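Thanks, everyone. I have one structure to show you today, and I will keep this brief. Here it is.

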2 protein chains.
Amino acid sequence: MPNDTADIVDLDLAHFVPYRLSVLSNRVSSAIARTYSERFDLTIPEWRCIAVLGGAPGLSAGDVALRTAMDKVQVSRAVARLVENKRVQRTVDVDDGRVARLSLTAKGRAIYDDVAPLALELEAKLLEALSPAERGSLDKIMAKLNAQAGHL
Amino acid sequence: MPNDTADIVDLDLAHFVPYRLSVLSNRVSSAIARTYSERFDLTIPEWRCIAVLGGAPGLSAGDVALRTAMDKVQVSRAVARLVENKRVQRTVDVDDGRVARLSLTAKGRAIYDDVAPLALELEAKLLEALSPAERGSLDKIMAKLNAQAGHL
DNA sequence: GGCAATTAGTTTCATATGAAACTATCTCCT
DNA sequence: AGGAGATAGTTTCATATGAAACTAATTGCC
């Protein structure tokens, strides 16, 4: 017996996980950006570069791209501006003339030392909404989803 | 007794929730976009408009903006292109000449009927990585985080 | 050694984006 | 009625973005 409604799909964005993920991520990212963008005249890609270089000086632009999940054009532009503003120092690698080693200057480190605690504080405030158990779940769930999203 | 390392912050992006959220969301969104962008020559904002209009015909552009969390400029442009391609129909509201009522044409509905199941399938595949309990947690966690992100 | 194929990073170019200004319509108040 | 806001949606403009082409340096192969 045929059923006229069998093929009617219902994609309700309000319950669609990829969509909810996107809205949540945008909200959180802009909230964090507000804490530094104006005060330090820093774009999101620039801040991401500073964040990884603060924890791992001497990375190449390619390394930074890998760790931040940005593309190399974005990194190239962010680093160019950071160097121009004397926040990052660039030295050509001794063994490979194509590679530029990057590290924070004193000015760059000062920004890192200012912004990083604010960012961590904001993350903490966000996670305050969750119970300890939920925080654990979130960690596991994100790891699983990220892996699954990779090979989907 | 002073402690020299007391102020050294460690912001490791790999464990920073806002950052992980952003990477995950981008991965998932591009995976979905791949299923329709080329085949239907559809941008992400256009698809979002089609998605809400498929479920709720007669919305105004402003309604669409609210439901998709896009800004009105984005919606205006996406709708303009959709109308041009005869995928969406626009009629001036009878009671208010400023408002345009939007709905899918047959062509637009055909796209919706094609893409929506694919999108839902992709969501299902993504969630396959989680246990039923975890799926429930994810739902609650996202609701809580979203609320918290709102007033932070 | 020297030339083809790789790789790191930059630049170009065409398109996407959002804030602010704008147009058209409507609502409220007197 | 009519003029001061308010509101829906569009356009403009300056900036951001990413794919593809490019430059420079390195490696591998004959």
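Let me start with one residue: leaving aside its neighbours within four places in sequence, which residues is B:Thr91 in contact with? They are B:Ala100 and B:Arg101. Keep in mind that this is a predicted model.

Where does B:Thr91 sit? It belongs to strand β2 of chain B, residues 88-92. Buried or exposed? B:Thr91 has 11 other C-beta atoms within 10 Å. The cut-off for exposed is 12 or fewer, so B:Thr91 counts as exposed. Take B:Val115 as a reference point. It lies 24 residues from B:Thr91 in sequence. In space, the two are 25 Å apart, C-alpha to C-alpha.

Now the sheet in chain A. Three strands form it, in the order β1-β3-β2. The sheet is open, and the pairing is antiparallel. At the edges are β1 (59-60) and β2 (88-92) of chain A, each pairing on one side only. β1(A) pairs with β3(A), residues 100-104, over two bridges. A:Ser60 has its bridge partner in β3(A), namely A:Arg101.

Hold on to A:Ser60, since we meet it again at the DNA. There are 19 residues around DNA strand C. Those that come nearest are A:Ser60, A:Gly62, A:Ser76, A:Arg98 and B:Gly97. Which elements supply at least two residues each to that surface? From chain A, they are α3 (61-68) and α4 (72-84). From chain B, it is α4 (72-84). The most comes from α4(A), with five residues. By class, the surface near DNA strand C has eight nonpolar, six polar and five charged residues.

Next, DNA strand D. Here, too, 19 residues surround the strand. The closest are A:Gly97, B:Ser60, B:Gly62, B:Ser76 and B:Arg98. Two or more residues each come from α4 of chain A, and from α3 and α4 of chain B. α4(B) gives the most, five residues. The classes near DNA strand D are eight nonpolar, six polar and five charged.

How are the two chains related? A rotation of 180 degrees superposes chain B on chain A, with 0.0 Å of shift along its axis. The RMSD is 0.1 Å. So this is the relation of a two-fold axis. The same surface serves both copies, as 100% of the contact residues of chain B recur in chain A.

On to that contact. Chain A puts in 50 residues, and chain B puts in 50 residues. On the chain B side, the elements giving two or more residues are α1 (17-40), α2 (44-55), α3 (61-68), α5 (106-127) and α6 (132-150). α1(B) has the largest share, 13 residues. That side of chain B divides into 31 nonpolar, nine polar and 10 charged residues.

Last, the core. The largest nonpolar core has 64 residues. Which of them touch the most other members? They are A:Cys49, A:Ile50, B:Cys49 and B:Ile50. Take A:Ile50 and set aside residues up to four places away in sequence. A:Ile50 then touches A:Arg87, A:Leu104, A:Gly108, A:Ile111 and A:Tyr112.

To recap: two chains with a two-fold relation, a contact with 50 residues from each chain, and 19 residues around DNA strand C. That is my tour.

Definitions and conventions:
Residues are numbered from 1 along each chain as its sequence is written. Chains are lettered from A and ligands numbered from 1 in the order in which they are written. This is a predicted model: local features need pLDDT of at least 70, side-chain atom pairs count only at pLDDT 80 or more; totals for chains, interfaces and linings use all residues. A residue is near a molecule or strand if its C-beta atom, placed from the backbone, lies within 6 Å of it. Helices (H or I, at least four residues) and strands (E, at least two) are DSSP runs, numbered from the N terminus. Ala, Val, Leu, Ile, Met, Phe, Trp, Tyr, Cys and Pro count as nonpolar, Asp, Glu, Lys and Arg as charged, and the others, Gly among them, as polar. A nonpolar core is a set of buried Ala, Val, Leu, Ile, Met, Phe, Trp, Tyr and Cys residues joined through C-beta atoms within 7 Å. A residue is buried if 20 or more other C-beta atoms lie within 10 Å of its own, exposed if 12 or fewer, and partly exposed in between; C-beta atoms are placed from the backbone. Two residues are in contact if their C-beta atoms, placed from the backbone, lie within 7 Å. Two strands pair if DSSP finds at least two bridges between them. Copies are superposed by least squares on the C-alpha atoms of residues with pLDDT of at least 70 in both.
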